[in-house]
Amino acid sequence: VEDSLFKVPREPFEKESEVFCDMFSLPQGSSVVVEGTSDENPIRIDRTSKDDFEQLLKALLHRKYGSQPNLPHGIEQWTSVLKLSTAWNFERLRQAAIDALTESGIGAVDRVVLSQRYYIKNWLLPALNELARRPEPIILEEAQRMGIDIALKLASVRERVTVAVQTHPTAHPRYSAFGGDAPYQRSNNGHGIAVGSCRDPKMQDCDFSDQIRSTFSAYEL
């Protein structure tokens with residue numbers, strides 16, 4: 001991997017990864033020097049960073065043999081594990097990485113990005129809901145990371161305004177369609193209206209799931 005030679009046991013790669021299992025099961029001719037059997041003829045892994053591979057080894061080998069202190073730490077290291085375990089079909093290792101990232105308190109924007117990059121279906125809706133509820137607007141850096149399509153759709157959910165017409169002017173304004181108390185105003189015809197924006201801090205208690213599902217209908221939520 002890059003400029004480094006790793007000597008690792010074959011068993012966990014063969015047992016836990018469909019990709020490596022298929023690789024090792026390929027028939028070898030008697031005159032062919034099998035890759036990985038010597039320092040002079042190692043298995044070469046291209047387009048993979050040494051740092052990512054080291055984190056995968058930590059999770060794969062130390063998890064297997066119970067050395068918890070040597071497991072990857074933090075979001076960046078577990079993201080490396082997620083990246084390679086997804087690419088090489090380490091199903092159990094991939095789930096371990098997802099669980100570790102969830103427990104780490106990874107932010108909503110990171111969950112959106114990783115859910116799309118590594119096919120984590122159950123992360124997307126809760127992350128979008130969290131971003132829709134927060135009072136602060138989506139900033140440029142976050143939009144660039146998530147991608148313009150997701151950012152614009154999310155903005156349309158956040159900026160949607162609801163109007164609820166009150167039949168009795170003296171009645172307390174009813175809840176907005178998003179579930180929060182909206183500011184109360186009186187219209188020209190004497191009826192009360194409730195107008196709310198998702199940027200109102202009160203919207204932090206709202207559930208935007210239905211609006212997100214409608215707006216993001218092309219995505220798997």
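Here are some short exercises on this predicted model, each with a worked solution.

Residues are numbered from 1 along each chain as its sequence is written, and side-chain values use heavy atoms, with hydrogens and water left out. Because the model is predicted, local features need pLDDT of at least 70 and side-chain atom pairs count only at pLDDT 80 or more, while totals for chains, interfaces and linings use all residues.

**Exercise 1. The overall layout**

Work out how many helices and strands the protein has, and in what order the elements run.

*Solution.* Start with the rule: helices (H or I, at least four residues) and strands (E, at least two) are DSSP runs, numbered from the N terminus. Applying that rule gives 10 helices and three strands. Next, read the elements from the N terminus on: α-α-α-α-α-α-α-α-α-β-β-β-α.

Now turn to the surface. Accessible areas come from the Shrake-Rupley method with a 1.4 Å probe, and for residues only the protein chains shown count as cover. The protein exposes about 13,100 Å², and carbon and sulfur atoms supply 49% of that area. Buried means under 20% relative accessible area, exposed over 50%, and partly exposed in between (1.4 Å probe, protein chains only). Of the 221 residues, 38% count as buried.

Finish with contacts, meaning heavy atoms within 4.5 Å. Among contacts with a separation of 6 or more, 59% are accounted for by residues 24 or more positions apart.

**Exercise 2. The nonpolar cores**

Find which residues have the most contacts inside the largest nonpolar core, and which helix supplies its largest share.

*Solution.* First, the term: a nonpolar core is a set of buried Ala, Val, Leu, Ile, Met, Phe, Trp, Tyr and Cys residues joined through side-chain atoms within 4.5 Å. The largest one has 26 residues, and Phe53, Leu82, Trp88 and Phe90 have the most contacts inside it. Helices H3, H4 (74-87) and H5 (91-103) each supply at least two residues of this core. The largest share, six residues, comes from H3.

Then zoom in on phenylalanine 90. Leaving aside neighbours within four places in sequence, its contacts include Pro12, Phe13, Phe20, Leu56 and Leu84. A second, separate core holds 19 residues, among them Leu125, Leu131, Val157 and Ile212. As background, nonpolar side chains in soluble globular proteins tend to be buried together.

**Exercise 3. Checking helix H5**

Compare the span of H5 with the expected one, and list which of its residues are buried.

*Solution.* The expected span of a helix is 1.5 Å times one less than its number of residues. For the 13 residues of H5 that gives 18 Å; the end C-alpha atoms are 19 Å apart, which agrees. The buried residues in H5 are Leu93, Arg94, Ala96, Ala97, Ile98, Ala100 and Leu101. Just after H5, glycine 105 takes a positive phi of about 80°.

**Exercise 4. Three salt bridges**

For lysine 15, glutamate 16 and lysine 83, identify which residue each forms a salt bridge with.

*Solution.* A salt bridge is a side-chain nitrogen of Lys or Arg within 4 Å of a carboxyl oxygen of Asp or Glu. The structure holds 10 of them; take these three in turn.

1. Lysine 15 pairs with glutamate 11, with the closest N and O atoms 3.0 Å apart. Because the two are four residues apart in helix H1, about one helical turn separates them. Lysine 15 is exposed at 64% relative accessible area, and glutamate 11 is partly exposed at 36%.

2. Glutamate 16 pairs with arginine 92, with the closest N and O atoms 3.7 Å apart. This pair links distant parts of the chain, helix H1 and helix H5, 76 residues apart. Glutamate 16 is buried at 11%, whereas arginine 92 is exposed at 58%.

3. Lysine 83 pairs with aspartate 52, with the closest N and O atoms 3.2 Å apart. Here the link runs from helix H4 to helix H3, across 31 residues. Lysine 83 is partly exposed at 35%, while aspartate 52 is buried at 12%. Not counting residues up to four places away in sequence, aspartate 52 also touches Ser80 and Leu84.

**Exercise 5. Cysteines**

Determine how many disulfides the model has.

*Solution.* Look for a pair of cysteine sulfur atoms within 2.5 Å, the rule for a disulfide. By this rule the count is zero. As for accessibility, cysteine 21 is partly exposed at 32%, and cysteine 206 is buried at 3%.
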